[in-house]
Amino acid sequence: MALRTAFRGRAALSGLLSCSSHGRLSLSFISQRKNSTSPKIKVDYDQTTGVAVMRMQSPPVNSLSLDFLTEVCISLEKLEMDKGCRGIIITSNQPKVFSAGLDILEMYGKSPEHCGEFWKAVQEMWLKLYGSNMVTIAAINGSSPAGGCLMSLTCDYRIMADNPRYSIGLNETQLGIVAPFWFKDTMVNTVGHRNTEMALELGLLYKPAEALKIGLVDQLVPEDQVLTAATQTMTKWLAIPEHARQITKSMMRKPTIEKLRSNREADIQNFVNFITKESIQKSLRMYMEMLKQKKA
Amino acid sequence: MALRTAFRGRAALSGLLSCSSHGRLSLSFISQRKNSTSPKIKVDYDQTTGVAVMRMQSPPVNSLSLDFLTEVCISLEKLEMDKGCRGIIITSNQPKVFSAGLDILEMYGKSPEHCGEFWKAVQEMWLKLYGSNMVTIAAINGSSPAGGCLMSLTCDYRIMADNPRYSIGLNETQLGIVAPFWFKDTMVNTVGHRNTEMALELGLLYKPAEALKIGLVDQLVPEDQVLTAATQTMTKWLAIPEHARQITKSMMRKPTIEKLRSNREADIQNFVNFITKESIQKSLRMYMEMLKQKKA
Amino acid sequence: MALRTAFRGRAALSGLLSCSSHGRLSLSFISQRKNSTSPKIKVDYDQTTGVAVMRMQSPPVNSLSLDFLTEVCISLEKLEMDKGCRGIIITSNQPKVFSAGLDILEMYGKSPEHCGEFWKAVQEMWLKLYGSNMVTIAAINGSSPAGGCLMSLTCDYRIMADNPRYSIGLNETQLGIVAPFWFKDTMVNTVGHRNTEMALELGLLYKPAEALKIGLVDQLVPEDQVLTAATQTMTKWLAIPEHARQITKSMMRKPTIEKLRSNREADIQNFVNFITKESIQKSLRMYMEMLKQKKA
């Protein structure tokens, strides 16, 4: 039960067609992945304001690979330990996309051990972000399907570029896979039970205006003002007495976090059992072949 | 604590005045009920599309009698077992009403055993509909109070005729009775806690426009287009990978379903104790006499 | 973790600036509090309608002191025991303010025993109001921060004066303190999880129009019509069969009430531990000194 196949090529299927016309997209997919040593995350930390901007820069579409997730978690840990750092703005350095979600290559043709390790890293990122003591703001400057949407949902506030070519949503079902219970819980906490039921069953991707309407994002601004708006909002949040805000945040989110914490191993096992099924692997293969043919 | 007294005549009380001017209404009430052998449910199943249309045709107002409920459950079971059937549209063949809800004659002057059997059938219908693996769409082409509203709420999607003479809601309280916890849970899952609190305490019936506004229905269309719109929506839902959609639906609804499943006997006992009370039977009798006098 | 520091002077901090220009405000703060024997609550009970109007008249801003809370609870008990009394309208006799919330002087420089006794009284008021069998309507004819907002939230219906100088909200965080879980639960039941998360983390105070938009209040009327509107609404609610309405209300609110009931002692201990901390006492002192200097 559960998973997310963020992926370069999935863009085509999930309405991210604008991205798939981007040369690097298919290229990086068809070629071998390199275990690049260049950082996938760039953190600009301003000690005077106590605010860090975390820029995702893993071409082409900030797929959440195991390496990427590991980098995110290490960065978050460092910032969380720095007493001076009080807020994080998460944004993308890639054009047109915030993050395309989980990397399908981490779950196709991989050993159960690898899939399990990967899933554990996804859990870890969610736990660190959703439970962060810092103020977290998503500056969503591009499309944000599946795992990208999840990252946004973990934040305290979501500002999205008002560009109708972008979309956001937990669209796993569209790909034949299933958002796990903690993706679901995070969404229910944000947009309520009924909106979540519709969104997850249909794998809906929302245009910015629709996302604002159901509360999936909190604010729309022109594309070139996303980061500025995030910075302004951050100032407002940091003016709140910190200890009281942190205790309140924990009170709101703790039950949801504890639910995963006390079911982590079972959730990993569920994922591994599901994703290594012949039928699921086959549909992942067909999906990737479809993308190759599209390119050819 | 629970029950629903759908009923021919209750229409008068619950804003369905338009119905009570319908000759057959009072006639069928005053006369003895016949255990008709003509089917109360007509199912048109199109094997090429995999969609069944379930038409309720129990004059005058599709009251949910024990016979009616049994027929609904048998039809649902058959369709659920047919692997080719993937979606159901529920609609009414009676003019001006979708369903008036539970049949008061099944709980007035009846033995505790009969009341218990009746309530078990109501539970069974809810369990089958709310937990259905198929896509379920309510094509609400008339008023839909109480049990009729409950049937609608169990579906994946609700399309209502945009006719201000129709209304929908769980109006049990208006009749001096109480919606049980699983009616309440279903409504909370759809319109949230506060809307449900107001709706149930006041026994509110909503005009279509109001129902749309709070999310009690998902879409309004002109009266003659309800079925067409339902068919179009069905096509969209059936395009979603089926297995993933079913698992997701189950994830969303399972806790609510399990709550009734593990309390079924106690819920029946509650209902029987409540409905067989002298005071409640008296108010049911007064209610029916009021209707007779209205006619005389 | 919990508490509320309603208080004359806090008005300045929480957007109630209009109040702090009121001469009596700072006067009553700087001077010694007198254990006045004049009633802080005036109850007008109309036996013909079965409706009691509870007017809060504890100058200057209806702070919820231990004496005040005790009077409220005694009044509620009396009314609850009177079988003829079926509804209560809660309103303020003080200008511009409904209630400013918990009285900071009950928790500054007081013994742990006193703080515990005070907190128990806050719990008691909430339990009595949120679980009342009567119809309860808040006629919010002035600002209603923190504990004042909580009182409003316990009611069945909230009507607020449409005056943009007034505001309402659980703004504890702004003062460096934390709304306890049952304040939070009451708000989630009213405006949902996401609105509550934002409201509590930022300690938001809403103008009437904003409060209406998120559902924090149910209706806005011109200031001089608040009580009239409350009376009209009461008539509508009292027309509902009483027993069914009461059972339904209990069904909606019982889980939230039971959660506090079964954690009352621990919640008191949490409060006492938190509020008697050196750091919290210090910030309460600084806060009060800031108010004195403002006046000087």
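1. A salt bridge, as the term is used here, is a side-chain nitrogen of Lys or Arg within 4 Å of a carboxyl oxygen of Asp or Glu. With that in hand, welcome to this model, which is a predicted one. Between chain A and chain C the count is 2 salt bridges. A good pair to look up is C:E197 and A:R253, whose side chains meet in a salt bridge with an N to O distance of 2.9 Å.

2. Let us stay with chain A and chain C for a moment. Chain A brings 18 residues to the contact, and chain C brings 20 residues. About 1700 Å² is buried between chain A and chain C, and carbon and sulfur atoms give 67% of that area. There are also 6 residue pairs in polar contact between chain A and chain C, counting pairs in which both residues have pLDDT 80 or more.

3. Where on chain A should you look for this contact? On the side of chain A that touches chain C, at least two residues each come from β8 (157–161), α6 (181–191) and α10 (242–261) of chain A. The largest share belongs to α10(A), with 8 residues. Sorted by class, the residues on this side of chain A are 9 nonpolar, 3 polar and 6 charged.

4. Now turn to chain B and chain C. Here 20 residues of chain B are in contact with 17 residues of chain C. The area that chain B and chain C bury between them is about 1700 Å², with 66% of it on carbon and sulfur atoms. Across this interface there are 2 salt bridges. In one salt bridge, B:R194 is joined to C:D218, and their closest N and O atoms are 2.8 Å apart.

5. The polar contacts between chain B and chain C come to 6 residue pairs, both residues being at pLDDT 80 or more. On the side of chain B that touches chain C, the elements giving two or more residues are α6 (181–191) and α7 (193–202) of chain B. Of the elements there, α7(B) gives the most, with 8 residues. The classes on this side of chain B are 11 nonpolar, 5 polar and 4 charged residues.

6. Next, have a look inside chain B. Its open sheet is formed by 6 strands in the order β1-β2-β4-β6-β8-β10, and the pairing is mixed. Why do β1 (41–46) and β10 (219–221) of chain B each have one side without a neighbour in the sheet? Both stand at the edges with a single partner strand, so one side of each is left open in that sense. From one strand to the next, the twist averages 20°.

7. As a reminder for anyone new to sheets, strands pair through backbone hydrogen bonds, either parallel or antiparallel. In chain B, β1(B) and strand β2 (residues 51–56) run antiparallel and are joined by 6 bridges. To find the spot on screen, start at B:D44, which stands opposite B:V53 in β2(B).

8. A helix accompanies the sheet of chain B. Helix α9 (residues 226–238) of chain B lies across β2, β4 (87–92), β6 (135–140), β8 (157–161) and β10 of chain B. Relative to β6(B), helix α9 of chain B runs at about 165°.

9. Chain A has a sheet worth tracing too. This open sheet of 6 strands has the order β1-β2-β4-β6-β8-β10 and mixed pairing. Its edge strands are β1 (41–46) and β10 (219–221) of chain A, each pairing on one side only. Neighbouring strands in the sheet are turned by 20° against each other on average, direction ignored. Within chain A, strand β2 (residues 51–56) and β4(A) run parallel and are joined by 6 bridges. One place to see this is A:R55, whose bridge partner in β4(A) is A:T91.

10. Finally, some backbone details deserve a check. In chain B, the peptide bond between B:P59 and B:P60 is cis, with omega about -5°. B:P60 sits in the loop between β2 and β3 (63–64) of chain B. In chain C, a cis peptide bond leads from C:P59 to C:P60, with omega near 0°. C:P60 belongs to the loop between β2 (51–56) and α3 (66–81) of chain C. In chain A, the residue to inspect is A:K96, a residue other than glycine with a positive phi, near 70°. A:K96 lies in the loop between β4 (87–92) and β5 (101–102) of chain A.

Methods: Residues are numbered from 1 along each chain as its sequence is written. Chains are lettered from A and ligands numbered from 1 in the order in which they are written. Side-chain values use heavy atoms; hydrogens and water are left out. Two strands pair if DSSP finds at least two bridges between them. Helices (H or I, at least four residues) and strands (E, at least two) are DSSP runs, numbered from the N terminus. Axes are lines fitted to C-alpha atoms, for helices over the stretch in contact, and angles run from 0 to 180 degrees between N-to-C directions. Contact means heavy atoms within 4.5 Å. Buried area is the accessible area (1.4 Å probe) that two parts lose on being put together, summed over both. A polar contact is a pair of N or O atoms within 3.5 Å; within protein, one must be able to donate a hydrogen and the other to accept it, and residues adjacent in sequence count only if both atoms are side-chain atoms. Ala, Val, Leu, Ile, Met, Phe, Trp, Tyr, Cys and Pro count as nonpolar, Asp, Glu, Lys and Arg as charged, and the others, Gly among them, as polar.
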